[in-house]
Amino acid sequence: MLALSSIAKKEKNKMSTDSVMLILLELQVPISGVDPIRVCYNTEDITWNGQLWQAFPLEIEECKEDSTGSYPSFAIKVDNTSRALTYYIEESNGANGGTVILRVVNSKNLNSNTPEIEEKYEVTKCDVDQNFVTLTVGPSYSPDSRRPIGRYLKNGCRFQYKDARCGCTSSATSCNHTLSGCRANGNSTRFGGFPGIDQEGVYV
């Protein structure tokens, strides 16, 4: 469920409003020292979060999934009739590996630094013709990676010994990262495991 700002909710619930939801696209091209490209799907430039977002024609296709188990992807078309993006595409090997961040903001809430929606993607393919730069994007992380990143262990502390989260002040030079070891060091109140987990084992 989306957590819209109070202003966006108020505008959404009006019978009529002159506010609009603006799509912002930030393209972080893999070129050292080059600022991200920031454009908005609008008729005029806007300033949001301290940055200028230039008005640019965009087309965002529907995300497609199939039954083959392939990763979902979709295409974003950015106008290139002026050839403004050609340099960046050529210098970054087609922007492959670059990051696309799509944000949605409300025109009546541009003073807020928090977007109504924010999604991050990775560029997997790029096609260029006389009219558009077409970026094919997919998840910015591998769907095969662990989610959540950490593991929840009954008798295993996830903190590094004597780091800020551990906070142990014992004279011992090491810890075996178990609850008994934490007790021996007089630091069981900051044990980084989950003793309340069922005896059956490990939860990921």
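Mentor: Before we start: a disulfide here is a pair of cysteine sulfur atoms within 2.5 Å. Also, this is a predicted model, where local features need pLDDT of at least 70, side-chain atom pairs count only at pLDDT 80 or more, and totals for chains, interfaces and linings use all residues. Residues are numbered from 1 along each chain as its sequence is written, and side-chain values use heavy atoms, with hydrogens and water left out.

Trainee: Okay, so how many disulfides does a search of the whole structure find?

Mentor: Zero.

Trainee: Why is there no bond from Cys175 to Cys182?

Mentor: Because the Cys175 sulfur sits 5.7 Å from the one in Cys182, its closest cysteine sulfur, and that's too far for a bond.

Trainee: And is Cys175 buried or exposed?

Mentor: Partly exposed, since its relative accessible area is 22%. Buried means under 20% relative accessible area, exposed over 50%, and partly exposed in between, using a 1.4 Å probe and protein chains only. Cys126 counts as buried, at 19%.

Trainee: Switching to the backbone. What's the phi of Lys162?

Mentor: About 70 degrees, so positive, although Lys162 is not a glycine. His177 also isn't glycine, and its phi is positive too, near 60 degrees.

Trainee: Where does Lys162 lie?

Mentor: In the loop between β9 (132–139) and α3 (179–184). Strands and helices are DSSP runs numbered from the N terminus: E, at least two residues, for strands, and H or I, at least four, for helices. His177 has its place in the loop between β9 and α3 as well.

Trainee: How does Lys162 count for accessibility?

Mentor: Partly exposed, because its relative accessibility is 40%. His177 counts as partly exposed at 29%.
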